Amino acid sequence: MVVQPLQTVYGMQQSEINVLCTRPLPASLVEEAAANGIVIDELSFIETESILSVEVQQEIELASTEIATVVFTSMNAVDAVTIFLDGHQPDWSIYSIGTATAKLIKAYFGEERIAGTASDAASLAELIAADRFTDEVIFFCGDQRRDELPDILRQNDIEVNEIVVYQTITTPHKIEKDYFGILFFSPSAVQSFFSKNKVTGRTILFAIGNTTANEIRK
């Protein structure tokens, strides 16, 4: 299979493609893109902070003593929870969204702890609801978590115990450059970007999943 450069595929005359990524990327990916004529600017439109309060610590430590079904829908939640677990391996059955979050869960808890994964929150909720043995979950989330997952679970008579373990802070920037494409990884980043910016019809917007894509459509 021959992979053609984007300039050829899109009939563009410019020597390089300019792309904006709304969160940091591994340096190796940026370098690989540059070698193929794609220049990536990295600029975060949100920041996340783990909530390091005594109350959150106590909730996580209590949850870690239970045999429980646990839900993660972001890497930030996994990072925030594992800070307080400090190497402890609780007896959890874990449902996860996305590839990156699931990979982080496997690295800490082990692959055998993952009960199921899905591409978006709604699909993950349907997967959990289909398990007739699950009547209660612990949902580790951020302060701006979306409603789809808890709403669907409660509609299916599954009790949802939410523990907010991180907060999201928007960091909007005004963009003056005209980009070929913009990469988004969360609905919060989409909201932050469009609070100060508009895009032309030529700009291609990329989303990591359905939830983020739906926010872009709005």
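T171 counts as buried, because its relative accessibility is 16% and the cut-off for buried is under 20% relative accessible area. This briefing concerns a predicted model, and it starts from T171, which is found in the loop between β8 (159–170) and β9 (181–184). From there it turns to the aromatic rings, of which the structure holds nine pairs, and then to helix α4, which spans residues 75–85.

**Surroundings of T171**

- The side chain of T171 reaches the backbone oxygen of S44, and the distance given for this approach is 3.2 Å.
- A polar atom of the T171 side chain also lies 3.2 Å from the backbone nitrogen of I46, so that the side chain of this buried residue is placed beside backbone atoms of both S44 and I46.
- When neighbours within four places in sequence are left aside, the residues in contact with T171 are S44, F45, I46, E47 and S192.

**Aromatic pairs around F184**

- Among the nine aromatic pairs of the structure is the one formed by F184 and F193, which is edge-to-face, with 5.4 Å from centre to centre and 75° between the planes.
- Both partners of this pair count as buried, since F184 has a relative accessible area of 1% and F193 has a relative accessibility of 2%.
- F184 also forms an aromatic pair with F194, and this one is stacked, with the centres 6.1 Å apart and 25° between the planes.
- The pair of F184 and F194 links distant parts of the chain, as F184 belongs to strand β9 and F194 to helix α8 (residues 187–194), ten residues apart.
- F194 counts as partly exposed, because its relative accessibility is 31%, and partly exposed covers the range between the 20% limit for buried and the 50% limit for exposed.

**Other rings**

- A cluster joined by ring pairs is made up of F72, W92, Y108, F109 and F140.
- The ring of F185 has a charged residue over its face, namely R23, which lies at 4.1 Å from the ring centre.

**Helix α4 and the residue after it**

- Within helix α4, which covers residues 75–85, the buried residues are A77, V78, A80, V81, T82, F84 and L85.
- The helix is followed by D86, a residue whose phi is positive, with a value near 50°.

How values were computed. Residues numbered from 1 in each chain as written. Predicted model: local features only at pLDDT ≥ 70, side-chain atom pairs only at ≥ 80, totals over all residues. Heavy atoms only, no water. Buried < 20%, exposed > 50% of the residue type's maximum accessible area, 1.4 Å probe, protein only. Helix = DSSP H or I, 4+ residues; strand = E, 2+ residues; numbered from the N terminus. Polar contact = N/O pair within 3.5 Å; in protein donor to acceptor, adjacent residues only side chain to side chain. Contact = heavy atoms within 4.5 Å. Phe/Tyr/Trp six-rings, centres within 6.5 Å; stacked < 30°, edge-to-face > 60°. Lys NZ or Arg CZ within 6 Å of the ring centre and 35° of its normal.
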